[in-house]
Amino acid sequence: MNDSTQWPDCRFDYRGARVLVTGGSNGIGAGIAAAYREAGAEVTITGTRPDAGDYEQDFSGYRYLPLQLTDNHSIDALAAALPALDILVNNAGGNFMLEDEYQPEVFEKSIQVNLLSAYRLARACHGKLAASNLPGGGAVIGLASMTSYFGVEVVPGYGAAKAALVQLTKTLSMAWAKDNIRVNAVAAGLIHSNMTAGFLAHEQATAPSLARTPLGRFGQPLDIAGPVLFLSSSAAAYITGQTLPVDGGFSIAG
């Protein structure tokens, strides 16, 4: 049983569960991976570098596999390298604002990285997830975004992909329910990570978003990890096809 004090009033027990967190080498993914590991799970994480030793962080508590979301062969190889799987967290992604997502080739790359790769990996892992013996069944958790709901001018490809991920979550949940696989997503608000660090460092730029957030702060990776662990647990066994906004209330403010 997890004896972490991350959530003093809540404990998760994932002993024996096999979990894959893409992009678990940093940011939100690292927070999710750490939470599963502390709950007793066997956690595989991915990163873009060839080997875990290429990072400054200590990944000795994980199995590390490289993944390039722009390379379908890399995605298929990752799925094939997993002997078994109970929970897939499709966390890896990114925007290409600095490359100009209005350029067709950059737009297409953003769709590949944030949507097509998640679908391809989920499909490739379907058989292993269907064989899961977890109390709540096999689980797929996607990482959506506030751009799933709101237009953000500088990231048309990223926004289109994240909006489509919400619909894909609904469709796969219907198709895979018969295989005892639940498919849900978490729509993250502004979370402190390497992807958002540049933006969150500028108080003037972030002031409007902060003013619209009822809880009065931006999130931490742990704020996403908790809902993810809940959605893959037996406590959420009757929840599928849903996208849960985890945004401090940003999306409900007028």
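# A tour from Ser74 to the sheet and back out to the loops

Start by selecting Ser74: its relative accessibility is 16%, and because buried means under 20%, Ser74 counts as buried. You are looking at a predicted model, so please read every value on this tour as computed from that model. Ser74 sits in helix α2. Now show what surrounds Ser74. Leaving aside neighbours within four places in sequence, Ser74 is in contact with Pro66, Leu67 and Gln68. Draw a distance from the side chain of Ser74 to Gln68: a polar atom of that side chain lies 2.9 Å from the backbone nitrogen of Gln68.

**Next stop: α2 against α3**

Keep α2 (residues 72-80) and add helix α3 (residues 104-124). At what angle do α2 and α3 pack? The angle is about 35 degrees, and the two axes are 9 Å apart. Look along the pair and you will find that α2 passes α3 in a right-handed crossing. To see the contact itself, show side chains for Asn72, Ile75, Asp76, Leu78 and Ala79 on the α2 side. On the α3 side, pick Gln112, Ser117, Arg120, Leu121 and Ala124. Colour this contact by class and you get five nonpolar, three polar and two charged residues.

**Into the sheet**

Switch to a cartoon view and find the open sheet of seven strands. In what order do the strands run? The order is β3-β2-β1-β4-β5-β6-β7, and the pairing is parallel. Rotate to the edges, where β3 and β7 (243-246) stand; each has a single partner strand, so one side of each is left without a neighbour in the sheet. Viewed across the sheet, neighbouring strands are turned by 20 degrees against each other on average, direction ignored.

Zoom in on β1 (residues 18-21) beside β2, where four bridges join the two strands in the parallel sense. For a landmark in this pair, select Val19, which stands opposite Val43 in β2. Now bring back helix α1 (residues 27-38), which packs on the sheet and touches β1, β2, β4 (87-90) and β5 (138-145). The direction of α1 makes about 170 degrees with that of β1. Then add helix α5 (residues 156-176), also packed on the sheet, with β5, β6 (181-188) and β7 as the strands it touches. Here the directions of α5 and β5 make about 160 degrees.

**A closer look at β6**

Select β5 and β6 together: they run parallel and are joined by eight bridges. Ala139 is a handy marker here, as it stands opposite Arg182 in β6. Is β6 enclosed or open? Eight of the eight residues of β6 are buried, so this strand is largely enclosed by the rest of the structure. Colour its two faces separately: Ile181, Val183, Ala185 and Ala187 point to one side, while Arg182, Asn184, Val186 and Ala188 are on the other, and all of these are buried.

**Helix α8**

Move on to α8 (residues 221-231), where eight of the eleven residues are buried, so this helix too is largely enclosed by the rest of the structure. The buried residues to highlight are Pro221, Ile224, Ala225, Gly226, Pro227, Val228, Leu229 and Leu231. Turn on the elements around them, and you will see that the cover includes α1, β4, β5, β6 and β7.

**Out to the loops**

Three loop residues finish the tour. The first stop is Asp100, in the loop between β4 and α3. Check its backbone: Asp100 has a positive phi of about 75 degrees, although it is not a glycine. That is worth a pause, because most residues other than glycine have a negative phi. Asp100 counts as partly exposed, at 33% relative accessibility.

Now jump to Asn180, in the loop between α5 and β6. Asn180 is another non-glycine residue with a positive phi, here about 60 degrees. Its relative accessible area is 45%, so Asn180 is partly exposed.

The last selection is Gln57, which lies in the loop between β2 (42-47) and β3 (63-66). Gln57 is partly exposed, with a relative accessible area of 40%. What does the side chain of Gln57 reach? Follow it to the backbone oxygen of Ser25, at 3.4 Å. To close, draw a line between the C-alpha atoms of Gln57 and Asn26: they are 31 residues apart along the chain and separated by 9.1 Å.

Definitions and conventions: Residues numbered from 1 in each chain as written. Predicted model: local features only at pLDDT ≥ 70, side-chain atom pairs only at ≥ 80, totals over all residues. Heavy atoms only, no water. Buried < 20%, exposed > 50% of the residue type's maximum accessible area, 1.4 Å probe, protein only. Polar contact = N/O pair within 3.5 Å; in protein donor to acceptor, adjacent residues only side chain to side chain. Pairing = 2+ DSSP bridges. Axes fitted to C-alpha atoms, helices over the stretch in contact; angles between N-to-C directions. Contact = heavy atoms within 4.5 Å. Left-handed = near helix turned anticlockwise from the far one by under 90°. Nonpolar A, V, L, I, M, F, W, Y, C, P; charged D, E, K, R; others polar.
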